[in-house]
Amino acid sequence: MSAAPGLSPTARDAHWIWLLAGGLAALLALRLGALYLNPTDLFFDEAQYWAWGEEPAFGYYSKPPLIAWIIRASTEVCGLGESCIRLPSPLIHTATALAVFALGRLLYDLRTGVLAGLAFATLPGVSLSAGLISTDVPLLMCWALALIGFAALFKTPSFWPVLLLGGAFGVGLNAKYAMAWFLLCTVIYLALTPARRGILKDYRLYLGFALGFLLIAPNLAWNASNAFATFSHTADNANWGGPLLRPGKALEFFASQFGVFGPVLFGAFLVIIWRAWKTGVPETDRMLLAFSVPIVAVILVQALISRAHANWAATAYVAGTVLVIATMVRDGAWGWLKASFAVNVAVLLIIAVGTVTAGSIALPGKDPFARVLGWRDVADATRQELAKARAAGKPFAAVLTDDRAMTAELLYYLRDDSVPVLAWREGAPRDHFELTRPYTKAVSGPVLLVLRRGGKSPAFASFENVEKIAAHQIAAGPTAERQVTFYALSGYKGQ
């Protein structure tokens, strides 16, 4: 993993830069190719974010606005296809890998930066995320840039770190409120590093965070005018009800991190934490530990008392990647470093091939692609029912759904149809569609209710006439099916 010993320092630097550029370019080309060939439908979160982007705002029910703005910008340039909606993901992840490179170079040296950038680009979590569009994509880039700005405050008296720290922190908050963990990590780092507390007298630190809060102010204003919907949803998502301790959930989350970070890198990360506890670490390593370990620890506690998704600790692996790679380089652990790349690249290729062949190969067990297959067919079946009603002279005034996933998918796949898609709402809104497009008595005429299942809907009790008109078993890949039932509802009685 080192340049030829006979090269001059300038030539060695050029070698590493070319390695980074070539590696990231190859990865980006592979991911763009897989994206172009990807046969899957949008996951309902992706469809939801697209729908948000069609109605630009400073906030949405469950997330800040950045993801919707990014998708809207992409579709304005590229088009409305699934690949265009997902296009920002591999591009932004590549930019984040460059930011991780810059962080490694700033804190250590060029070689460490290059290897860290390539390692980040090949993390299993990044490889999976690069084929989807989610709030984690811009969040990770903002976290990396903010960390560069923060680290640079200690290395230069210039003003540019303020703009980078504050801009990235504020934009990151507009991506996902998890960016707020950056403040916690800052406090922990300064508490554990007395030699660095002089920064508390530097106005640039406070100005940077003030700039960040200024950038999130429009979203806070939106929340204030919408009963703080996003904050309420975020609190609900923590789900702190139920049994006091759930060790099984904590173990599940912990095990999932070997998949997110890669088994070799996460194993090395744990060894580094143990070493730090026993013998201490260099000051630079301490900064990276402070911006990674607390996040994993907090989410692990969250999993213990409730639940946690594998990606909730994703920001930890920006600093974590640089930390592990720097330690391996310093210790000369080239075998482990090569093994980590081999394993993660193998996972990357499996994900790419699996995505391209999704829906065409029967996989053993539960098909992981079932959630992103068959939605176009659901919309086609809905379109057929609408056409039948028109032909019979009894057109439906709206399509009605009673769950967020169906609403999001139909909004996207029926986007060219003139019949509006509305959400059934009882009481306070539970998602953005119930907040912004609920069914009301103003709808004149019968509606077509689309259910993802059989059985009853809470909407039935509010209509005088409920008629089941069709039921379909729609394939969601070679081994899975999605049940969809259609009802004609008329004579709205009110709730």
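The radius of gyration here is taken over C-alpha atoms, and the globule rule is 2.2 Å times the number of residues to the power 0.38. With that in hand, start with the whole protein on screen: for 495 residues the rule gives a compact globule a radius near 23 Å, and the protein has 25 Å, which agrees.

Before you click further, note that this is a predicted model, in which local features need pLDDT of at least 70 and side-chain atom pairs count only at pLDDT 80 or more, while totals for chains, interfaces and linings use all residues. Residues are numbered from 1 along each chain as its sequence is written, and side-chain values use heavy atoms, with hydrogens and water left out.

**Stop 1: the whole chain**

Show the C-alpha trace: along its principal axes the trace spans about 80 × 50 × 45 Å. Switch to a cartoon and you have 21 helices and five strands; these are DSSP runs numbered from the N terminus, with helices being H or I over at least four residues and strands E over at least two. Now add a surface, which exposes about 21400 Å², 65% of it supplied by carbon and sulfur atoms; accessible areas come from the Shrake-Rupley method with a 1.4 Å probe, and for residues only the protein chains shown count as cover. Of the 495 residues, 51% count as buried, where buried means under 20% relative accessible area, exposed over 50%, and partly exposed in between (1.4 Å probe, protein chains only). Among contacts (heavy atoms within 4.5 Å) between residues at least 6 apart in sequence, 74% join residues at least 24 apart.

**Stop 2: the cysteines**

Select Cys78 and Cys84, which are joined by a disulfide with an S to S distance of 2.0 Å. The structure holds one disulfide, defined as a pair of cysteine sulfur atoms within 2.5 Å. The torsion about the S-S bond of Cys78 and Cys84 is about -60 degrees, so the disulfide is left-handed. Cys78 is partly exposed at 39% relative accessibility, whereas Cys84 is buried at 8%.

Next, pick Cys142 and Cys185. Why is the sulfur of Cys142 not bonded to the closest cysteine sulfur, in Cys185? The two sulfurs are 15 Å apart, too far for a bond. Cys142 is buried at 4%, and Cys185 is buried at 0%.

**Stop 3: the sheet**

Now select the five strands, which form an open sheet in the order β2-β1-β3-β5-β4 with mixed pairing. The edge strands are β2 (421–423) and β4, each pairing on one side only. Two strands pair if DSSP finds at least two bridges between them.

Walk across from one edge:

- β1 (residues 398–401) and β2 pair in the parallel sense over three bridges; Val399 has Val421 as its bridge partner in β2.
- β3 (residues 447–451) runs antiparallel to β5 (residues 481–492), joined by five bridges; Leu451 partners Thr485 in β5.
- β4 (residues 463–475) and β5 are antiparallel over 11 bridges; Asn465 partners Ser490 in β5.

Zoom in on the hairpin of β4 and β5, where five residues lie between the strands and Gly477 takes a positive phi near 105 degrees.

**Stop 4: the helix across the sheet**

Finally, select residues 375–391, helix α19, which lies across β1, β3, β4 and β5 and runs at about 140 degrees to β4. For that angle, axes are lines fitted to C-alpha atoms, for helices over the stretch in contact, and angles run from 0 to 180 degrees between N-to-C directions.
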